[in-house]
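I am opening a notebook on this structure. The entries below follow the order in which I looked things up.

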Amino acid sequence: MLLNASGCLDALTAPATARAFDAFVTKTVTPLPRAGNPPVRIAETAVGMLNSIGLANPGRERFLAETLPALRGLGVPLWVSVGGFKAHEYAETCALLEDVTIELNLSCPNVEEAPETAAEIVAACRAATSLPLYAKLSPASWDIAEVAGAVEAAGADGLSLVNTLRGMKLDAGLHPVLGTVTGGLSGPALKPVALAAVHACFRATALPIVGMGGVASGRDALELHAAGARAVAVGTALFSDPSAPNRIREELSAELATLGLESAEQACGIAHQEALPERKHLDARSRVS
Amino acid sequence: MGPYTLLRVERGGLDPGSPGQFFMLEAPGRLLPRPMSLCLAPAGELAFLVDPIGSGTQALAALEAGDSIHVLGPLGSGFRLDVDRPLLVGGGVGIAPLPFLSQRLGAPPAVLGFRSEWHAEAAALVPNAEVAIDPTLVTELIEPGFDVLACGPEPMLDAVRALTPGAQLAREAPMACGYGACYGCAVEIGGEWKRLCVEGPVLEAAA
């Protein structure tokens, strides 16, 4: 299954790209409207990009009244990314949703940390809805597997791994480029971080994992599946290539075919299997006796 | 011409769009493409005016004949062309959309500002142009009674806005995607941060 990463696609301005995914993940919805951060919001770095969008969104009320009905018209399964600043705010939004999968954004690096722990927020949302709940975690915690175990115990149905990492860029005059000084680092720089997080959480929990971070090719997607992801999401690569979903899908099919696998699900967790014993190649010149 | 490079690419199946619209050009070796407004649409080609001031624009300016890059566009909304007495106003590399605009409007008068004689070599791209070179400001050449269509640095656009309410201003903002996905190109429109690639890049100056 291929998804977009939350905040990396507006399905209403690019419906063809959104339909190329198996499900569309919305930008994070917060209880109140958020204008987002002042510019500069985007900065390219050596092997990634920084963003400080700041969860710009129309707020829960307008999202439910206007955005969600418009998104339903696309005919793509929807995942709604839910954000907030307190556990009860997340839970209230969850209670208002129907017929979607919910991704709890527990880890946006561009807003202040929620005072409650990830597990407390998941527990509050679990009590508020029976919809599937995915917890999107930050890779910045010292032990992401422990957080994953805690949200599993709190009732999460799955994990989205990973959100961006906080980073900063200085301009030629040695001042921060971004209006908010720091932002979230994404793109190729994030892939090794995502692989490690998916690998660790696959071992620590039984939850299905959506892997994301620097996926720009079929090989990248395959590696996340191998580390333990059941599904994969594409983020930054969409910015340079709106046709990325179909291209990545085709490349992944070709990668799977060379491995003799029929589906991405079969590749899930391959990195955890014991390596096959090395084949002994006999390459000696043998004399006929 | 001067410090600028006129990058010409084969048009292929791409539509040149209308003046003021832009394209995202792959900058070889960089993660993100760069937004460039269309400068000219010669037969079978698209031409962009590039000022090589950063890593992406330098990679674009270094392209050689035969290289190929990914091009996405036309994007955004361009200039409104139903104006009675057009005057084109440009500053620096901001003259980029004006040659194509001039063509579509039948070579109306233009005033262009540059920081040096060298930079002003690019004025040759715009017919009927009067040129101001620093310290003379382009806004000193704007006479009343015209419908102004402008593109240039923010301070120039601010001055144009003050002089001629109702002017059409082509704005610029750092952009990761150009098609509404990244929310990076926020500019303040009517007191709100909005996406320039969706609402613009050409915006009407508030009266």
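**Entry 1: a strand pair.** In which sense do strand 7 and strand 8 of chain B pair, and over how many bridges? I am working on a predicted model. I find that strand 7 of chain B, residues 110-114, pairs with strand 8 of chain B in the parallel sense. The pairing runs over five bridges. I looked up one partner by name: B:Leu112 has B:Val131, in strand 8 of chain B, as its bridge partner.

I then checked what packs there. Helix 2 of chain B, residues 98-105, packs on the sheet. This helix touches strand 6 (86-91), strand 7 and strand 9 (147-151) of chain B. Its direction makes about 170 degrees with that of strand 6 of chain B.

**Entry 2: the sheet.** I traced the strand order next. In chain B it reads 8-7-6-9-10-13, six strands in an open sheet. The pairing is mixed. Which strands stand at the edges? They are strand 8 (129-133) and strand 13 (202-204) of chain B. Each has a single partner strand, so one side of each is left without a neighbour in the sheet. From one strand to the next, I note a twist that averages 20 degrees.

**Entry 3: the chain as a whole.** I counted elements in chain B: four helices and 13 strands. Why do I call chain B as compact as a globular protein of its length? Its radius of gyration is 16 Å, and the globule rule gives 17 Å for 207 residues, so the two are close. Along the principal axes, the C-alpha atoms of chain B fill a box of roughly 45 × 40 × 30 Å. I also looked up burial: 49% of the 207 residues of chain B count as buried. For contacts in chain B between residues at least 6 apart in sequence, I get 60% joining residues at least 24 apart.

**Entry 4: domains.** The domain assignment splits out domain 1 (5-75) and domain 2 (86-170) of chain B. Their C-alpha centres lie 22 Å apart. I listed the contact between them: nine residues from domain 1 of chain B and 10 residues from domain 2 of chain B. On the domain 1 side, strand 3 of chain B (residues 34-40) gives the most, with four residues. By class, that side of domain 1 of chain B has six nonpolar, two polar and one charged residues.

**Entry 5: the other chain.** How many residues does each chain bring to the contact between chain A and chain B? I find 22 residues from chain A and 21 residues from chain B. The chain B side divides into 16 nonpolar, two polar and three charged residues.

Note on methods:
Residues are numbered from 1 along each chain as its sequence is written. Chains are lettered from A and ligands numbered from 1 in the order in which they are written. This is a predicted model: local features need pLDDT of at least 70, side-chain atom pairs count only at pLDDT 80 or more; totals for chains, interfaces and linings use all residues. Two strands pair if DSSP finds at least two bridges between them. Helices (H or I, at least four residues) and strands (E, at least two) are DSSP runs, numbered from the N terminus. Axes are lines fitted to C-alpha atoms, for helices over the stretch in contact, and angles run from 0 to 180 degrees between N-to-C directions. Two residues are in contact if their C-beta atoms, placed from the backbone, lie within 7 Å. Ala, Val, Leu, Ile, Met, Phe, Trp, Tyr, Cys and Pro count as nonpolar, Asp, Glu, Lys and Arg as charged, and the others, Gly among them, as polar. The radius of gyration is taken over C-alpha atoms; the globule rule is 2.2 Å times the number of residues to the power 0.38. A residue is buried if 20 or more other C-beta atoms lie within 10 Å of its own, exposed if 12 or fewer, and partly exposed in between; C-beta atoms are placed from the backbone. Domain bounds come from an automatic or database domain assignment.
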